[in-house]
Amino acid sequence: MKHNCWEYKKCGREVGGVKESDLGVCPAAAEVRLDGANGGKKAGRSCWVVAGTLCENSIQGTFAKKYSNCKTCDFYVKVKNEEKGNFQMSMVLLNRIKN
């Protein structure tokens, strides 16, 4: 089964999650422009390109600032391995969320 980041990491920042009222909804759980990317709901399987996600209890910044950490994240590696040849590269995903 393909998991979204909030399910895999159990952060509780999804809509209706246990930490939604304390920390707010994670930008990955709200990013509709990435819905379906890498088989996820909203940006649930492309969280590494979304600013403001939670990692190791710390809010992360922009893609440029956080990607070096994300590319070694167990969830990122899991998605990349599950998607194999269908894995959507970060530049493609970033183009989808350009304003």
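## Exercises on a predicted model

The buried residues of α4 pack against two other helices, α5 (74-83) and α6 (90-96). The model is a predicted one, and the exercises below work through its helices, its cysteines and its overall form.

**Exercise 1. Determine which residues of helix α4 are buried and where they lie around the axis.**

Solution.
1. Helix α4 spans residues 63-70.
2. Its buried residues are F63, K66 and C70.
3. They cover an arc of only 85° around the axis, so they sit on the same side of α4.
4. The face turned away from that buried side carries A64 and K65, which are exposed.
5. The packing partners of the buried residues are α5 and α6.

**Exercise 2. Classify E83 as buried or exposed, and list its contacts.**

Solution.
1. E83 is located in helix α5.
2. The cut-off for buried is under 20% relative accessible area.
3. E83 has a relative accessibility of 8%, and therefore counts as buried.
4. Leaving out residues up to four places away in sequence, E83 touches K2, N38 and R45.

**Exercise 3. Count the disulfides in the structure, and examine C11 and C47.**

Solution.
1. A disulfide requires two cysteine sulfur atoms within 2.5 Å.
2. For C11, the closest cysteine sulfur belongs to C26 and is 5.7 Å away, which is too far for a bond.
3. For C47, the nearest cysteine sulfur is that of C5, at 3.9 Å, and C47 is in no disulfide.
4. The count for the structure is zero.
5. As to accessibility, C11 is buried, its relative accessible area being 16%.
6. C47 is buried as well, with a value of 14%.

**Exercise 4. Give the order of secondary structure elements and assess how compact the protein chain is.**

Solution.
1. The protein chain has six helices and two strands.
2. Read from the N terminus, the order is α-α-α-β-β-α-α-α.
3. The radius of gyration is 12 Å, close to the 13 Å that the globule rule gives for 99 residues, so the protein chain is as compact as a globular protein of that length.
4. Along the principal axes, the C-alpha atoms fill a box of roughly 35 × 30 × 25 Å.

**Exercise 5. State what share of the protein chain is buried, and describe its contacts and exposed surface.**

Solution.
1. Of the 99 residues, 39% are buried.
2. Among contacts with a separation of 6 or more, 50% come from residues 24 or more positions apart.
3. The protein chain exposes about 5,800 Å², of which carbon and sulfur atoms supply 53%.

Definitions and conventions:
Residues are numbered from 1 along each chain as its sequence is written. This is a predicted model: local features need pLDDT of at least 70, side-chain atom pairs count only at pLDDT 80 or more; totals for chains, interfaces and linings use all residues. Side-chain values use heavy atoms; hydrogens and water are left out. Buried means under 20% relative accessible area, exposed over 50%, partly exposed in between (1.4 Å probe, protein chains only). Helices (H or I, at least four residues) and strands (E, at least two) are DSSP runs, numbered from the N terminus. The arc is that of the directions from the helix axis to the C-beta atoms. Contact means heavy atoms within 4.5 Å. The radius of gyration is taken over C-alpha atoms; the globule rule is 2.2 Å times the number of residues to the power 0.38. Accessible areas come from the Shrake-Rupley method with a 1.4 Å probe; for residues, only the protein chains shown count as cover.
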